[in-house]
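Dear colleague,

I am handing over the structure we spoke about, and below it you will find a short account of what turned up in it. Please read the account with the structure open beside you.

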Amino acid sequence: METFTRHYIDGRRQAAGTGRIAVGDPATGEVIGEVPAGTAADADAAVAAAARAFPAWSASPRAERAALLERLTGLLAAARARLAETIVGEVGSPASFAAAVQVGLPLATFAGQPGLLEEIAWRREVGHSAVVREAAGVVVAITPWNYPLHQIAAKVAPALAAGCTVVLKPSEVAPLNAFLLAEAVHEAGFPPGVFNLVCGTGAEVGERLVAHPDVDVVSFTGSTAAGRRIGALAAATVKRVHLELGGKSPTVVLDDADLEAAVADGMVKAFVNSGQTCTALSRLIVPRARLAEAEEIAAAAVANHPLVDPAAETAGVRPTVLADKLGHIGFTFALGPLVSAAQRERVTGHIRAGVEEGARLVAGGPERPGGFDRGHYVRPTVFSGTTPGMAIVQEEIFGPVLCLQAHDGDDDAAALANGTRYGLCAAVWSADTGRAAAFAGRLRAGQVDVNGARFNPFAPFGGYKQSGHGRELGVWGLEAFLQTKSLQLP
Ligand code: NAD
């Protein structure tokens, strides 16, 4: 049982009220931890500490900030195993995935900041002016539970590097990893008030932070519904707001593509982290003439996504034969449970609604999977026979549910791919990489994977349309926490 009873404010573990939030293990449903349920007063105290720390921190030499971030990276690397175990426990991600991605990615983000500081043009001459970049101010970071430490790192690491001070409000569903981060920040020796952690609900702590007049930037990752509310609240004090929201991202398979490779890769990217991934490629748009073949490949490839006990899982991602009869090499990519009973209810509700709407199940379904009589497990599910207007095609499900769609050529494929309110991510497959890359130019999405290419944590990340605005990661993620000042010189 991991119990944290105090927030981290002004360089100290500060007593909170008596309210507590229980943290559950998705694989068993048992309570494994507890954190304070913060209040508006806790939020105010954290903002006050961050505001007091801002003048000195923002004026500190960049080399000093870089050295502290390097020390912090070292401490996080040393705590790697504990961080991974904690995230397995509170999110339910399989152990090998938690170590490689849930902890590996944030480590890379923290480690990368000193180098990124070198890439900023801190001062430029424009005629008789000097244009200087400065820290943007007090930053509020509000994060979700699905890649909890990665989403924290994508905000906190560049904000600290830029010279901003930070109040972090992590997800109340998976907050334990944030308390481990706070311990490492403390041990690294950051000045008091530079980093503050308050835990609590969005309604109580989150809204207070967003509305606070002494906050300059709100960086939010989460649902589109909460993002809309946060944008409206922040407008009253004209804050800068970055929103990283939901998605309904497509894989587009052009008519000359290797269908087996595209379906296998599309399924891995649809089901990764049990589909609880904002960039999940949850739609697979294939040539109509090859729909039946795609269904057959998908039905077979579900076997490459076994459900596992996340803590006991050791297999990792390994090549396997997709299906004997197809003879294609795919990948085993294990799935843990969903994060909570509520999430399981939501996702199985979407699957039932899909059946009621008239879509056809190619694999999976809403029933509890065999062999898992406890925990929040959902069977990896594939629908075909969909139409563009169906809710399962339009709504972010945030579970292991893939929808096949049929296209009648490139124009139709582009229209289907762009035919939701989201625009976070996409993928395109063609035998001709140049053709695929050109098609990517027609997609209204912040990132497009061409022919199965991998995620790059130093490339900009963010959405078009209602997937949000602003960019995280790499030098773009650092610039998000800078202001621009023109000095007119005599
Ligand atoms: P959520 O929106 O319910 O909560 C996210 C965070 O916002 C939590 O810390 C929560 O307490 C807080 N919050 C909620 N309402 C708030 C309010 N009114 N004011 C202030 N704070 C508030 O999302 P979730 O369920 O934790 O995460 C899942 C969602 O996040 C999915 O929609 C997913 O697509 C999205 N997501 C997006 C990205 C991205 O980078 N685009 C990444 C991961 C997750």
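A good place to begin is a single pair of side chains: in this predicted model, Arg-374 forms a salt bridge with Glu-30, and the closest N and O atoms of the two are 3.6 Å apart. The two partners come from distant parts of the chain, 344 residues apart, with Arg-374 sitting in the loop between strand E17 (360-363) and strand E18 (381-384), and Glu-30 in the loop between strand E4 (20-24) and strand E5 (31-36). As general background, side chains of opposite charge can pair when their charged atoms come close. The structure holds 23 salt bridges.

To place this pair, it helps to know how the protein is divided: domain 1 covers 2-245 + 468-488, while domain 2 covers 250-456. The C-alpha centres of domain 1 and domain 2 lie 31 Å apart. Where the two meet, 26 residues of domain 1 are in contact with 29 residues of domain 2, and the area buried between the domains is about 2000 Å², with carbon and sulfur atoms giving 60% of that area.

How many salt bridges does the rule find across the interface of domain 1 and domain 2? There is one, and between the two domains the count of residue pairs in polar contact is six, taking pairs with both residues at pLDDT 80 or more. On the side of domain 1 that touches domain 2, helix H3 (80-91), helix H4 (95-117) and helix H8 (224-235) each supply at least two residues, and the largest share, five residues, comes from H4. Sorted by class, that side of domain 1 has 13 nonpolar, eight polar and five charged residues.

Finally, some remarks on the whole protein. Its secondary structure comes to 15 helices and 25 strands, and the C-alpha trace spans about 70 × 60 × 40 Å along its principal axes. A compact globule of 490 residues would have a radius of gyration near 23 Å, and the protein, with 23 Å, agrees with that expectation.

With best wishes

Note on methods
Residues are numbered from 1 along each chain as its sequence is written. Side-chain values use heavy atoms; hydrogens and water are left out. Domain bounds come from an automatic or database domain assignment. Contact means heavy atoms within 4.5 Å. Buried area is the accessible area (1.4 Å probe) that two parts lose on being put together, summed over both. A salt bridge is a side-chain nitrogen of Lys or Arg within 4 Å of a carboxyl oxygen of Asp or Glu. A polar contact is a pair of N or O atoms within 3.5 Å; within protein, one must be able to donate a hydrogen and the other to accept it, and residues adjacent in sequence count only if both atoms are side-chain atoms. Helices (H or I, at least four residues) and strands (E, at least two) are DSSP runs, numbered from the N terminus. Ala, Val, Leu, Ile, Met, Phe, Trp, Tyr, Cys and Pro count as nonpolar, Asp, Glu, Lys and Arg as charged, and the others, Gly among them, as polar. The radius of gyration is taken over C-alpha atoms; the globule rule is 2.2 Å times the number of residues to the power 0.38.
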